[in-house]
Amino acid sequence: LDALAGSGEGVTVFNTLGFDRDDVVTLGTCAAEALEDDSGRRYPVQQTADGAVAYLRGIPAKGYVTLKKTAGAAASPFRRTDDHHLETPFYSVVLDEAGRFVSIYDKEYARELLLPGRKGNALRVYEDKPIYYDNWDIDRYYTEKSWDVDELTGLCWIEDGPVRTTLELRYGFCGCTFRQKIHFYADTRRIDFETTVDWKLHQHLLKAEFPVDIHTDEATFDIQFGNVTRKTHANTSWDKARFESCGQKWMDYSEGHYGVSLLNDCKYGHSVLNGVVALTLLKSGVEPNPNTDVETHVFTYSMYPHGETWKQAGTVQEGYKLNVPAYAVDAGTPGRRYSFAKPDKANVILETVKQAENGDGVILRLYECENARTRTGVTLPEGVTHVYVANLLEEIQEELPVCQGRVNFTIKPYEILTLLLR
């Protein structure tokens with residue numbers, strides 16, 4: 001990254017994802033009050049204990065942009081009447097005495113997100129003693145015995161600025177310690193829960209639960225190169241068996257024109273029942289390893305309320321952004337902008353760029369993520385004159401015409417497409 005950024009007084013931000021991104025970026029030791037891009041748009045910079053952060057727009061796909069440092073501090077858009085009431089540009093938030101959400105009122109859509117009388121971001125520990133396969137299985141009856149993690153040992157607002165405000169919560173439970181930094185942002189609807197758990201228990205399961213006021217009987221779960229929709233009721237024996245569902249970077253629970261996505265950076269077990277959306281955070285079986293997960297864990301999950309469905313709300317992109325952060329180098333010549341390759345439709349994801357296995361060419365691997373047959377195009381790196389459709393073994397199937405630095409094609413619903421560039 002240092003070699004690509006070169007010398008200069010700017011800040012170079014790298015985006016390894018296959019779409020232009022608007023995102024909160026950690027800038028390290030950058031001491032500027034603001035950054036300015038090549039179009040003259042200014043972005044406030046906030047200093048935090050973890051380094052400077054800024055919300056940047058239009059970071060090029062598979063590329064980078066260099067911004068200019070400038071002066072001009074910005075005010076915080078967040079307002080608190082006390083430690084338990086917060087106003088953000090998107091939400092009015094009320095916390096209870098244990099730091100859990102009592103209310104998340106979405107100001108843009110004029111609706112309450114949580115079910116009446118229920119608590120959001122409730123951490124709950126369940127007794128987990130499956131009959132077989134202790135370290136792998138979860139039996140349906142695990143819900144019969146549980147305890148709330150509500151022994152609050154600390155509540156403090158540790159950050160407040162033009163980019164984000166952060167609440168730090170600390171809990172204790174049966175010798176375990178929990179610390180959460182909850183980030184509320186000025187320019188994105190996401191709420192991030194940066195979590196550290198020192199776990200001491202055996203045969204117990206930890207979940208984070210969000211009882212949301214959404215009217216639907218199905219949820220959507222991210223999988224490799226696509227997603228799958230599952231029912232959330234227990235009307236049949238096979239529905240009952242889906243009390244725990246796997247998902248990769250995200251799951252979504254939406255009605256006609258509103259919903260909530262639950263994103264994660266390394267947790268893959270989900271449950272949805274009676275409006276309670278939950279993410280499994282820890283499981284500590286004792287066989288064959290008697291001390292599974294008895295250690296310190298660091299992970300982040302995010303709540304992303306949105307209008308319309310996950311397709312229009314860009315949940316796929318939000319999941320990628322949480323898992324693959326942008327990189328920043330405090331150097332570079334302001335005004336530079338570069339993108340290696342980029343599809344022109346949001347539902348076509350450029351997942352992988354790699355050298356061909358035989359060393360002759362570059363592979364782009366793309367997939368369609370919304371079950372929609374799509375006519376699309378990809379802008380190509382300079383110097384590419386031949387593009388071939390290949391199979392997953394990188395064997396050439398056909399050649400596509402290249403016209404003015406791009407190639408056009410039709411991708412089928414959920415298709416995985418491999419392009420060979422030469």
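Start by selecting T195: it is buried, with a relative accessible area of 1% (buried means under 20% relative accessible area, exposed over 50% and partly exposed in between, using a 1.4 Å probe and protein chains only). Before you go on, know that this is a predicted model, where local features need pLDDT of at least 70, side-chain atom pairs count only at pLDDT 80 or more, and totals for chains, interfaces and linings use all residues. Residues are numbered from 1 along each chain as its sequence is written, and side-chain values use heavy atoms, with hydrogens and water left out.

**Stop 1: around T195**

Keep T195 selected and color its strand, β17 (strands are DSSP runs of E, at least two residues; helices are runs of H or I, at least four residues; both are numbered from the N terminus). Now add Q180. Its C-alpha atom is separated from that of T195 by 4.5 Å, although the two residues are 15 apart along the chain. Their side chains make a polar contact at 3.1 Å (a pair of N or O atoms within 3.5 Å; within protein, one must be able to donate a hydrogen and the other to accept it, and residues adjacent in sequence count only if both atoms are side-chain atoms). Show the backbone of F193 too: its oxygen lies 3.2 Å from a polar atom of the T195 side chain.

What else is in contact with T195, leaving aside neighbours within four places in sequence? Besides Q180, you'll find R179, H297, V298, F299 and Y301 (contact means heavy atoms within 4.5 Å).

**Stop 2: the strands on either side**

Select 176-185 and 191-198: these are β16 and β17, paired in the antiparallel sense over eight bridges (two strands pair if DSSP finds at least two bridges between them). Q180 has T195 as its bridge partner in β17, and a hairpin of five residues takes you from β16 to β17. Next add 296-307, strand β26, which runs antiparallel to β17 and is joined to it by eight bridges. Here V197 is matched with H297 as bridge partner.

**Stop 3: into the core**

Click F178. Along with F101 and L206, F178 has the most contacts inside the largest nonpolar core, a set of 48 residues (buried Ala, Val, Leu, Ile, Met, Phe, Trp, Tyr and Cys residues joined through side-chain atoms within 4.5 Å). Among the residues in contact with F178 are L123, V149, W199 and L206. For a second, separate core, try L350, V387, L400 and I411, which belong to a group of 17 residues.

**Stop 4: an open sheet**

Five strands come in the order β7-β8-β9-β10-β11, with antiparallel pairing. Look at 79-82 (β7) and 111-112 (β11): each stands at an edge with a single partner strand, so one side of each has no neighbour in the sheet. Strand β10, 101-106, is joined to β11 by two bridges, and Y105 has E112 as its bridge partner there.

**Stop 5: D252 and helix α4**

Select D252 in β22, residues 250-254. D252 is buried without a salt bridge, and the nearest side chain of opposite charge, K311, is 10 Å away (a salt bridge puts a side-chain nitrogen of Lys or Arg within 4 Å of a carboxyl oxygen of Asp or Glu). The D252 side chain does make a polar contact with that of S254, at 2.4 Å. T315 is one of the residues in contact with D252.

Finish with α4, 315-323: eight of its nine residues are buried, so the helix is largely enclosed by the rest of the structure. T315 is among the buried ones, as are E318, Y320 and K321.

Key
Lys, Arg positive; Asp, Glu negative; His and termini not counted.
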